[in-house]
Structure formats: C-alpha cells, structure tokens
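Colleague: Got a minute to walk me through this one? I'd like the overall picture before the details.

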Amino acid sequence: MSGRGASTYIGIAVMGGVVGAIVGLLVAPGPGNETRRRIARHSIEDQERLLRLAEMGSDSDLLGDDTDLPASA
C-alpha cells in the first residue's frame, strides 16, 4: 500500500471518529454523569433482581427429593 493510500484510510478513520462522536453527543439521552448514575442504578437493581430470582430458585425444589444427580466425570 502506498503512503497516499494509507493516509486516505487514516483520514477516513479520523472523519468516522469525528462524525461518530458528534452523532453520539446529539442523540445522548442526558449528560454523562446522569447517564453513568442511571446505568449504575439499573445495574444494582438488576443485580438485586437476579439475587432474588436465585434465592427463589434455591428455595423451590426444582429437581424433587427422589432425583439423583449423575456423578461428574
């Protein structure tokens, strides 16, 4: 690849990054700190929900009392 072709690809990549950053700023739902706070809150809520589901699954006897688990190889 010639130097001219490489610089063309680099220029396209830089322009793509600039356009992507501008589009990201325009369609962002809110400021960065608000978005990070919302993501953190939702991740904590999801973690708590998964823990509750895991507890419910361990409380109920899904396999039954008379079911033997196969020995692992």
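**Helices, salt bridges and a surface patch**

Colleague: How much of the protein is buried?

Modeller: Keep in mind that this is a predicted model. Buried residues account for 0% of the 73 residues in the protein.

Colleague: OK. How many helices and strands does the protein have?

Modeller: There are two helices and zero strands. Helix α1 covers residues 3-27. Helix α2 covers residues 32-59.

Colleague: And the accessible surface, what does that come to?

Modeller: About 6600 Å² for the protein. Carbon and sulfur atoms hold 64% of that.

Colleague: Switching to charges. How many salt bridges turn up?

Modeller: Searching the whole structure gives three salt bridges.

Colleague: Start with E34. Which residue does E34 pair with?

Modeller: R38 is the partner, and the closest N and O atoms sit 3.3 Å apart. Both residues belong to helix α2. They are four residues apart, about one turn of the helix.

Colleague: Is E34 buried or exposed?

Modeller: In between. E34 has a relative accessible area of 33%, so it is partly exposed. R38 is partly exposed too, at 27% relative accessibility. Buried would require a value under 20%.

Colleague: Next one. What does R41 bridge to?

Modeller: R41 and E45 form a salt bridge, at 3.9 Å from N to O. The cut-off is within 4 Å, so the pair counts. Again the setting is helix α2, with R41 and E45 four residues apart, about one turn.

Colleague: How accessible are R41 and E45?

Modeller: R41 is partly exposed at 44% relative accessibility. E45 comes in at 32%, also partly exposed.

Colleague: And R49, which side chain does it meet?

Modeller: D46, in a salt bridge with an N to O distance of 2.8 Å. R49 and D46 are three residues apart in helix α2, about one turn of the helix.

Colleague: What about exposure for R49 and D46?

Modeller: R49 has 41% relative accessibility, which makes it partly exposed. D46 has 36% and is partly exposed as well.

Colleague: Let's leave the charges. Which residues form the nonpolar patch on the surface?

Modeller: I10, V14, M15, V18, V19, I22, V23, L26 and V27. Together they have about 870 Å² of accessible area.

Colleague: Take V14 from that patch. Where does V14 lie?

Modeller: V14 is in helix α1. Its relative accessibility is 49%, so V14 counts as partly exposed. Exposed would need over 50%.

Colleague: Let me get the bridges straight. Which helix holds E34 and R38, again?

Modeller: Helix α2 holds E34 and R38. The R41 and E45 pair lies in helix α2, and so does the R49 and D46 pair.

Methods:
Residues are numbered from 1 along each chain as its sequence is written. This is a predicted model: local features need pLDDT of at least 70, side-chain atom pairs count only at pLDDT 80 or more; totals for chains, interfaces and linings use all residues. Side-chain values use heavy atoms; hydrogens and water are left out. Buried means under 20% relative accessible area, exposed over 50%, partly exposed in between (1.4 Å probe, protein chains only). Accessible areas come from the Shrake-Rupley method with a 1.4 Å probe; for residues, only the protein chains shown count as cover. Patches are made of residues with over 30% relative accessible area and no salt bridge: like charges are joined within 9 Å, nonpolar side chains (Val, Leu, Ile, Met, Phe, Trp, Tyr) within 5 Å.
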